[in-house]
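Here are some exercises to work through at your own pace. Have a look at the model below, try each task, and then compare your reasoning with the worked solution.

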Amino acid sequence: MLAGMPHRAPGSSGQGPAQYLQGKQIRYYRPKGSADVRQLIDSGYQAFNAGRLSEACHIFSEKMLAPENDTTIGLTVAGALTPAGLGGCVIELMDRGLIDFMISTGANLYHDLHYALNFSLHRGSPFLDDVELYEQGIIRIYDVLFPATVLLETDAYIRDFLVRAKLSGPMSTSEFHYRLGTDLIARRPDSVEHSVVAKAAACGVPVYTSSPGDSSIGMNIAYHELMNGSTFMIDPNKDVNEVCAIILAGTHNGCVILGGGSPKNFYLQGQPTLWEVYGIPKGGNDFFIQITTDQVVWGGLSGATPAEAVSWGKVNPGVLPDTVVAYCDSTIAFPLFCEYAVGSPNGRRSRRELVSKRDALVADLVRQAKAARESKHVTDEPAEIDRHR
């Protein structure tokens, strides 16, 4: 190390100057279905992106949640939303059966564990001296501050869980998160109301991570293999097939996309996987809602519109009126969206509890895929040549 170069050794106290952690503790916000918020969105949000958020609220509450549409709903989450306190909105949607499965960055699920383990994250400022924060062992996520010990102790819990659970062999992220959630509930029963991972396990909501190595959870799984000789590993093939099976089984399919990134594509690729790879034409998603700050002009997937997704077979071309993109920060728009949904006449549904149905759904995917392959072989066989002419 260069002389004078500041560093924070693992295991350092992480208890920096008290003034950095004086801000209010960030807690998960649970929407209640405010009539005032519903009135604001119905009457005050009339044009531009306010109009698009209002449109998203109506599509979700009146169409996606309508009992007659029987829509299987996926939520995708990108961006540091659990550190900002939005996990409570997700918990409320799960509790009410308003989402059926979820695809998230691993970071959101890792930071969710801080709440499960009763660690404190605090409101701060984005304009602090980061070198001083580094020296004092304080972590900053824009204006969210917490001591480095939060990371170290969360890591320790994950590593202890991996040893305690004796996991082995390949496993989907949904199965891993379910087991992690049940462990949290067993060891900390109150975590079911303070953790997305725990609530998902309690409600039977499968939770997937599209890039499992790209988070501290994945880092600790890698440690477990390297240092403990574990055979446990995340198998992304299982994730791809489970998500495809869930989509295939849906009478109608719809998504709520927060941000964009890998979780967005991991959900949307399910429809092309079915028709392009498995030969099962599903027809594309029936509903599409995205809340994002990403723009279409940069050409990235995060900003790609539902109209562009039609060309890939990701969105049904006949349902574009039931798709919308609201260009807004999710930390602003999503709590409002959830308040509106929770307070709507369709603000509660029976839970699908897909965690317990995944094997059966994948078995049906296999059956339909094999039938499609056999049908294609019959169609592609060249006509028999008449050798007697």
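**Exercise 1.** Find the residue in S2 that stands opposite Val77, then place strand S1 among its neighbours.

*Solution.* Keep in mind that this is a predicted model.

Step 1. Look across from Val77 into S2, and you meet Ser104. S1 and S2 run parallel and are joined by 4 bridges.

Step 2. Now turn to strand S9 (residues 252-258), which is also parallel to S1 and is linked to it by 7 bridges. Here Thr76 has Ile257 as its bridge partner.

Step 3. Check how covered S1 (residues 71-77) is: 7 of its 7 residues are buried. Thr71, Ile73, Leu75 and Val77 point one way, while Thr72, Gly74 and Thr76 point the other way, and both sets are buried.

Step 4. Trace the connection: S1, H3 and S2 form a β-α-β unit that is right-handed.

**Exercise 2.** Work out why helix H8 (residues 196-203) counts as largely enclosed, and what its buried residues pack against.

*Solution.*

Step 1. Count the buried residues: they make up 7 of the 8 in H8, so the rest of the structure largely encloses this helix. They are Val196, Val197, Ala198, Lys199, Ala200, Ala201 and Cys203.

Step 2. List the surroundings. Three helices pack against these buried residues, H3 (87-95), H4 (106-116) and H7 (173-187), together with the strands S2 (101-104) and S7 (207-209).

Step 3. Inspect the two ends. At the N-terminal end, Ser195 acts as the cap, with a side-chain oxygen 3.3 Å from the backbone nitrogen of Val197. Just after the helix, Gly204 adopts a positive phi of about 70°.

**Exercise 3.** Explain why Cys203 has no disulfide partner in Cys338.

*Solution.*

Step 1. Recall the chemistry: a disulfide covalently bonds the sulfur atoms of two cysteines. The cut-off applied to the sulfur pair is 2.5 Å.

Step 2. Take the distance. The cysteine sulfur closest to that of Cys203 belongs to Cys338 and is 14 Å away, so it is too far for a bond.

Step 3. Try Cys338 in turn. Its nearest cysteine sulfur is that of Cys89, at 4.3 Å, and Cys338 is in no disulfide. Searching the whole structure gives 0 disulfides.

Step 4. Add the burial. Cys203 is buried, with a relative accessible area of 3%, and Cys338 is buried too, at 0%.

**Exercise 4.** Determine which strands stand at the edges of the sheet with the order S3-S5-S4, and what lies across S4 and S5.

*Solution.*

Step 1. Read the order: this is an open sheet of 3 strands with antiparallel pairing. S3 (122-123) and S4 (138-141) each have a single partner strand, so they stand at the edges and one side of each lacks a neighbour in the sheet.

Step 2. Examine one pair. S4 and S5 (residues 144-147) are antiparallel and joined by 4 bridges, and Ile141 stands opposite Val144.

Step 3. Add the helix: H6 (residues 148-165) lies across S4 and S5, running at about 65° to S5.

**Exercise 5.** Decide whether Ser216 is buried or exposed, and name the residues it touches.

*Solution.*

Step 1. Locate Ser216 in helix H9 (residues 216-228).

Step 2. Compare its relative accessible area of 17% with the cut-off for burial, under 20%. Ser216 is therefore buried.

Step 3. Leaving out residues up to four places away in sequence, Ser216 touches Tyr110 and Asp155.

Terms used. Residues are numbered from 1 along each chain as its sequence is written. This is a predicted model: local features need pLDDT of at least 70, side-chain atom pairs count only at pLDDT 80 or more; totals for chains, interfaces and linings use all residues. Side-chain values use heavy atoms; hydrogens and water are left out. Buried means under 20% relative accessible area, exposed over 50%, partly exposed in between (1.4 Å probe, protein chains only). Helices (H or I, at least four residues) and strands (E, at least two) are DSSP runs, numbered from the N terminus. Contact means heavy atoms within 4.5 Å. A polar contact is a pair of N or O atoms within 3.5 Å; within protein, one must be able to donate a hydrogen and the other to accept it, and residues adjacent in sequence count only if both atoms are side-chain atoms. Two strands pair if DSSP finds at least two bridges between them. A crossover is right-handed if, with the strands pointing away from the viewer, the path from the first strand over the helix to the second runs clockwise. Axes are lines fitted to C-alpha atoms, for helices over the stretch in contact, and angles run from 0 to 180 degrees between N-to-C directions.
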